[in-house]
Amino acid sequence: MRQAADPLHLRRVPQSFEELADLMGQNPNITATMDGEDNIFMAPVGPPGHRSIIFQSRRVAGMMQSATLNIRIVVPLVQVLMQSRKRVDYIAVLEALREALPQFRPELVIADFECAQMQAWVQVYSVPVHGCYWLFSRAVSILSRTMGLTHYLRLHPRAKSKVRSLLALPLLPQNLIMEGFMSLAFEAAEEAVYAVLHTIFVRVLQTWLVGFRFEMMSVFLADHRTNNVSESANRMLRLRTQVHHPNISLFLEAVRAMETNSYLDLLALEEHRNPGRPSRASAVNNDIFIVNYSQALVEGQINVRRFLHLASRRMLNIFREYQPL
């Protein structure tokens with residue numbers, strides 16, 4: 001087993017969130033930024049058993065609230081270590097951020113379909129929340145594979161088209177998603193493939209088209225449809241910690257390094273330089289097609305079923321990745 005390094009050489013290993021917060025509060029050197037000019041430890045929040053520790057430097061917090069900073073790329077601004085992830089925990093974290101950063105007012109939140117987190121954003125910030133389109137598409141693609149449909153879909157292109165078109169449901173306006181779902185089911189029945197696809201249609205209906213997930217599903221004409229960039233930041237944090245279960249020293253070193261990257265990115269943005277990578281041509285092209293299909297739907301040039309089939313062709317990469325045919 002790989003031995004986890006201890007770059008901060010902590011003399012005492014904290015045994016609880018309370019001990020960790022006390023340790024960082026009493027020893028600001030262990031949470032100092034890489035250049036020693038600031039500190040990443042912001043505050044502990046929540047009652048015992050529901051502790052969360054927020055990490056954000058003052059300089060990033062100040063730039064985060066800048067009225068002149070127009071962020072068009074993803075910059076990790078806050079890291080939170082949470083003891084649990086219930087609604088009360090997310091509310092405590094977001095209320096602490098709202099109090100500490102009164103000028104921060106998000107206009108849109110994109111999250112995975114974790115109801116506790118999404119509901120907390122709505123309660124604390126009264127902000128529109130969308131589920132992650134990529135996560136939904138991935139889940140349905142994997143579902144079709146785990147249900148044993150791979151061979152059948154390979155032999156029946158019409159059936160494959162119906163399943164792939166399910167991936168495009170969140171691209172519809174909220175009030176048309178159920179109509180779109182039913183139109184695909186009727187089309188599958190007309191083409192004599194619904195008997196085999198019945199189970200996946202029922203699973204999608206029961207899992208995604210009810211309750212909070214359904215309410216937050218539509219990303220129709222949204223500028224941003226996924227939280228992949230947030231997942232990328234989480235992946236970066238895991239890579240920096242080097243091991244699957246890092247000790248607190250490795251974790252703090254990783255957060256300090258990410259704070260440095262974020263600060264440098266924000267400085268570049270203040271100077272009107274783009275520190276991020278440009279979007280791939282294929283992604284930009286897909287966005288243009290989806291916007292065009294959406295406008296055609298609004299103007300009545302195509303119906304819901306036609307929209308789903310057209311939009312699903314923009315999802316080929318995801319479908320092929322998780323349902324290799």
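Select α3 and α4 to begin: these two helices pack at an angle of about 40°, with their axes 8 Å apart. The model is predicted. Look along the pair and the crossing of α3 with α4 is right-handed. To see the contact itself, show side chains on both helices. From α3, the residues taking part are R87, Y90, I91, L94, E95, L97 and R98. They meet A116, Q117, Q119, A120, W121, Q123, V124 and Y125 of α4.

**The whole chain**

Zoom out to the full protein chain. Its secondary structure amounts to 15 helices and 5 strands. Colour by burial, and 46% of the 325 residues count as buried. The chain exposes about 17400 Å², of which carbon and sulfur atoms supply 52%. Among contacts with a separation of 6 or more, 67% join residues 24 or more positions apart.

**The loops after α3 and α4**

Go next to L108, in the loop that runs between α3 (87-100) and β4 (109-111). Is L108 buried or exposed, or partly so? L108 has a relative accessible area of 34%, so it is partly exposed, since the buried class ends under 20% and the exposed class begins over 50%. Beyond its neighbours within four places in sequence, L108 is in contact with V127, P128 and H130. Add D223 to the selection and draw a distance between C-alpha atoms: L108 and D223 are 115 residues apart along the chain, and the separation is 9.9 Å.

Now select S126, which sits in the loop between α4 (115-125) and β5 (129-131). Most residues other than glycine have a negative phi. Phi of S126, however, is positive, near 50°. With 63% relative accessibility, S126 counts as exposed.

**Cysteines**

Two cysteines can be selected here. C115 is partly exposed, at a relative accessible area of 30%, whereas C132 is buried, at 0%. How many disulfides does a search of the whole structure find? The search returns 0.

**Helix α7**

Select residues 157-166, which form helix α7. Of its 10 residues, 7 are buried, and therefore the helix is largely enclosed by the rest of the structure. The buried positions in α7 are A159, S161, K162, V163, R164, S165 and L166. Show these as sticks to check which side chains they carry: the list includes K162 and R164.

**Helices α8 and α9**

Move on to α8 (residues 177-190) and α9 (residues 194-208). Two packed helices are described by the angle between their axes and the distance between the axes. For α8 and α9 the angle is about 165° and the axes are 9 Å apart. That angle makes α8 roughly antiparallel to α9. The crossing of this pair is left-handed.

Which residues of α8 meet α9? They are M178, F181, L184, A185, A188 and A189. Their partners in α9 are Y194, F201, V204 and L205.

Between the two helices, pick out A192 in the connecting loop. Phi of A192 is near 60°, a positive value in a residue other than glycine. A192 is exposed, with a relative accessible area of 68%.

**Helices α5 and α9**

Keep α9 selected and add α5 (residues 133-146). This pair packs at an angle of about 145°, with axes 11 Å apart. The crossing of α5 and α9 is right-handed. From α5, L135, F136, A139, V140, L143 and S144 take part in the contact. In α9 they meet I200, R203, V204 and W208. Leave V204 highlighted: it is named in the contact with α5, and it is also named in the contact with α8.

**R59**

For the last stop, select R59 in helix α2 (residues 58-64). Is R59 buried or exposed? Its relative accessible area is 15%, so R59 is buried. Which residues does R59 touch, not counting those up to four places away in sequence? They are T33, D35, E37, D38, E259 and Y263. Show R59 together with this set to finish the tour; D35, E37, D38 and E259 are among the residues it touches.

Methods. Residues numbered from 1 in each chain as written. Predicted model: local features only at pLDDT ≥ 70, side-chain atom pairs only at ≥ 80, totals over all residues. Heavy atoms only, no water. Disulfide = S-S within 2.5 Å. Buried < 20%, exposed > 50% of the residue type's maximum accessible area, 1.4 Å probe, protein only. Helix = DSSP H or I, 4+ residues; strand = E, 2+ residues; numbered from the N terminus. Contact = heavy atoms within 4.5 Å. Areas by Shrake-Rupley, 256 points an atom, 1.4 Å probe, with all protein chains shown as cover. Axes fitted to C-alpha atoms, helices over the stretch in contact; angles between N-to-C directions. Parallel < 35°, antiparallel > 145°, perpendicular 65-115°, else oblique. Left-handed = near helix turned anticlockwise from the far one by under 90°.
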